[in-house]
Amino acid sequence: MLEVQIKTKLPENCALATLNGIMESCVVRVEGFARKEEVVKGLLKVKGKSADEILKNLPSQCEGVPVSSKEAKVMIKEHTCLFAIPILESGCVITGVDVNDSELIWNIVCDDEGFLSLLKNLEGVDFELIYKGKPTGKDEITYREEEILKIALEKGYFDFPKRIRLEELAKFFGIAPSTLSEILRRGQKKVLEKYFKSKI
């Protein structure tokens, strides 16, 4: 069994690209894909300031339901995906997709045969293999850690000089500064481990 990560551009006609407006102020995680013939459906978990605001701004090919005051489940009802279809056709399992501005990082699990099929299916497609290895068993960054790191970055916590202090950021999240500091350190460690693992 292999864990594989590939990085692709976010295609302009991709349904995920149409969600860019809500992605700027939210944490978006793709939870799964289903395929029927040449149509792909996607399930997303979206967390932001307000679930109502998220749902109000969804494009027409999406529908969603709130699961809390700040989080919604969103289904992309149908779109043709330049990347998901060849990945699924290769027999690989898509375990998640990280969405950043103009890039997608696909987290995939496959066997050796599936990996070779994946490379063949992606011929002619612009992608970068950023990790291939055995499953590590190390914890992935949690949804909460990702949300806090993203918002801390956006609000200037990592800038020099800082545009927001730890205490102000903790107040924004409604948690104690010591708790926030622990979550930030844990999240940063995982991000750094993942980054340097892809360089080995």
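Helices here are DSSP runs (H or I) of at least four residues, numbered from the N terminus. With that in hand, welcome to three close-up views of a predicted model.

**View 1. Helix H6 packs against helix H7 at an angle of about 130°.** Here H6 covers residues 143–154 and H7 covers residues 166–173, and their axes lie 11 Å apart. That angle makes H6 oblique to H7, and the crossing is right-handed. On the H6 side, the contact is made by Arg144, Glu147, Ile148, Ile151 and Ala152, while H7 brings Leu169, Phe172 and Phe173. Sorted by type, the residues of this contact comprise six nonpolar and two charged, with no polar ones.

**View 2. Ile151 of helix H6 is shown with its partners.** Is this residue buried or exposed? Ile151 has a relative accessible area of 14%, so it counts as buried, the cut-off being under 20%. Setting aside neighbours within four places in sequence, Ile151 is in contact with Phe172 and Phe173. Leu169 can be picked out as well: Ile151 and Leu169 are 18 residues apart in sequence, with 8.9 Å from C-alpha to C-alpha.

**View 3. A look at the cysteines, among them Cys62, Cys92 and Cys110.** Why is there no bond from Cys92 to Cys110? The closest cysteine sulfur to that of Cys92 is in Cys110, 4.0 Å away, which is too far for a bond, because a disulfide needs sulfur atoms within 2.5 Å. By this rule the count is zero disulfides. Cys92 is buried, with a relative accessible area of 5%, and Cys62 is buried too, at 8%.

How values were computed. Residues are numbered from 1 along each chain as its sequence is written. This is a predicted model: local features need pLDDT of at least 70, side-chain atom pairs count only at pLDDT 80 or more; totals for chains, interfaces and linings use all residues. Side-chain values use heavy atoms; hydrogens and water are left out. Axes are lines fitted to C-alpha atoms, for helices over the stretch in contact, and angles run from 0 to 180 degrees between N-to-C directions. Helices (H or I, at least four residues) and strands (E, at least two) are DSSP runs, numbered from the N terminus. Angles under 35 degrees count as roughly parallel, over 145 as roughly antiparallel, 65 to 115 as roughly perpendicular and the rest as oblique. A crossing is left-handed if the near helix is turned anticlockwise from the far one by less than a right angle, and right-handed if clockwise. Contact means heavy atoms within 4.5 Å. Ala, Val, Leu, Ile, Met, Phe, Trp, Tyr, Cys and Pro count as nonpolar, Asp, Glu, Lys and Arg as charged, and the others, Gly among them, as polar. Buried means under 20% relative accessible area, exposed over 50%, partly exposed in between (1.4 Å probe, protein chains only).
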